[in-house]
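User: Hi, I'm new to this one. Could you walk me through it?
Analyst: Happy to, let's take a look together.

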Amino acid sequence: MSGTAEIRSGIHWVGARHPELQVFDELFPTRNGTTYNAYLVRGERQTALIETVKAPFTASFLQKLEDLGVQHIDWVVINHTEPDHTGALGTLLERHPEATVVCTRQGENFLRQLFNREMRTRVVADGEQIDLGGRTLQFFLAPYLHWPDTMFTWLPEEKILFSCDAFGAHFCGEGLFDDEVPDFSGEFAFYFDNIMRPFKDKVREAVAKVVDLPIELVCPSHGPLLRRDPRGAIAAYQRWSAPPPPAATPRVLLLTLSPHGNTRDMAAHVRQGLESHGLEVLERAIITVEGSELRDLLEQTDALIVATPTINRDAPPPVWQTLSLLSSVTPKGKTAAVFGSYGWSGEAVKMVEERLLGLKYKLATPGIHFRFAPTDEDRQACREFGDRIAAALLPAA
Ligand code: FEO
C-alpha cells in the first residue's frame, strides 16, 4: 500500500509508512517498522486534517495532500504533540497559513515550546465539537495516554474514533486495515506494555469515555486501522489496565542479587522479620526476573526491597537494569528498602536508595549493609530491619 487511501467517502489516510524502522524513537525495537498515520476528513463546508507525520516524511505527506486536491485546510487536529505526530506541522502551516490547530490546553503549551513560533490554535474542552458540515469532530480529553496533552477525536457520523497513540502498534504491513495484514497482536500488546502501562489509571478514565460509543473503526496514529474487532481492542485495554485484586495482607517484593550467597543470607533473615508480622514476601533472584514479570510483581505488591551487593564501588549492572524498569509501571506501593553485603567499600545500598528516592519511593527504614558473611548479630539486625519495614506497611496497632 502506498500513496493515499480512502477509508470512507471523503476520508483519506494520508500518513507515512516506515517499514524499515528497527528502533522507534531510539527506544523501542520494532520488528515490522511502523506507520505515522494522518487522516484527511472533508465535510460539506470545512476540511480537517487529523495529525501530521514525522519530519523526514514531510515532503511525501504534503504531496499526498496535493494529490487529493487539498487547497484549503480549516483545522489541523493535533491529538498529541510528540514529534512523530507533529514533525510536518511547521511546514504544513507555512503551506496552509489559513489552518487553525486544534489541541488541548497542555498541547498548546507544548506546541509553543516545540516550535518556538506563533500558531493559531483552538483549545478544546472535553466533549467539545466542531461542525465540518454534515460531519462532526468531537474531542475527548485523554491526558497521559501517554503525554499530558493527549486526546481522542470522535467522528460520530462515521463511527470512527481517531485514538492517537492509544490502540496503536508499531507495525507496518502491506495493507492498511487489521484484516489486511498478518497477526500483529504481539506488537499491539508490546505497545501497551511499553507506552501505556505506566498510566493504567489514566487508561481506565479515558477508555470509560469512549467505551459506550458505537465505534466501528479505530484509527490510531501507528499501525493498522482496527475494523475487524475494534471493541476487542478496547476490551484488551480495559483488561490490561484493570487494578490488581486487593490482597488480604501487605505483600512485599524482595529482589536479590547475591554472587557469593552473603546478601541472600541476609535476605533470609529480613524475610523472617517480615513474615513474623504476617506479611507475604515474594522473593525473586534479579537475574531470573523478566521485565514483564517484574512489572506484574510491582503492580501486585505494596513494597519493594532491593538486596544488592557492592562490586567495584557500585551496584552490579543487573540491579541497575531492574531499577531502569521501575518507571515503566505505576507500582501498587511506593515503599522501599535496601540492604546488602559488601567486601571493602559498600556504596551500593546508598546509591540504590538515592535512585529509589529519585523515583518518589519512600524508604521504610535506612538501609543496612554488612561486610562479607553476616554474623549472628548481623542476622538479628536483618530480622529487625524486616520488623521496621513491616511497621511501615501495617496500620498502627
Ligand atoms: Fe506516537 Fe507519543 O507518539
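**Between the domains**

Analyst: Across the interface of domain 1 and domain 2, 4 residue pairs are in polar contact, both residues at pLDDT 80 or more (a pair of N or O atoms within 3.5 Å; within protein, one must be able to donate a hydrogen and the other to accept it, and residues adjacent in sequence count only if both atoms are side-chain atoms). This is a predicted model, where local features need pLDDT of at least 70, side-chain atom pairs count only at pLDDT 80 or more, and totals for chains, interfaces and linings use all residues. Residues are numbered from 1 along each chain as its sequence is written, and side-chain values use heavy atoms, with hydrogens and water left out.

User: How many salt bridges are there between domain 1 and domain 2?
Analyst: The count is 3 salt bridges (a side-chain nitrogen of Lys or Arg within 4 Å of a carboxyl oxygen of Asp or Glu).

User: And what does Glu 299 form a salt bridge with?
Analyst: Glu 299 pairs with Lys 200, and their closest N and O atoms are 2.5 Å apart.

User: Where does the chain divide?
Analyst: Domain 1 covers 5-241 and domain 2 covers 251-391, with bounds from an automatic or database domain assignment.

User: How far apart are their C-alpha centres?
Analyst: The C-alpha centres of the two domains lie 42 Å apart. The contact (heavy atoms within 4.5 Å) takes 6 residues from domain 1 and 8 residues from domain 2.
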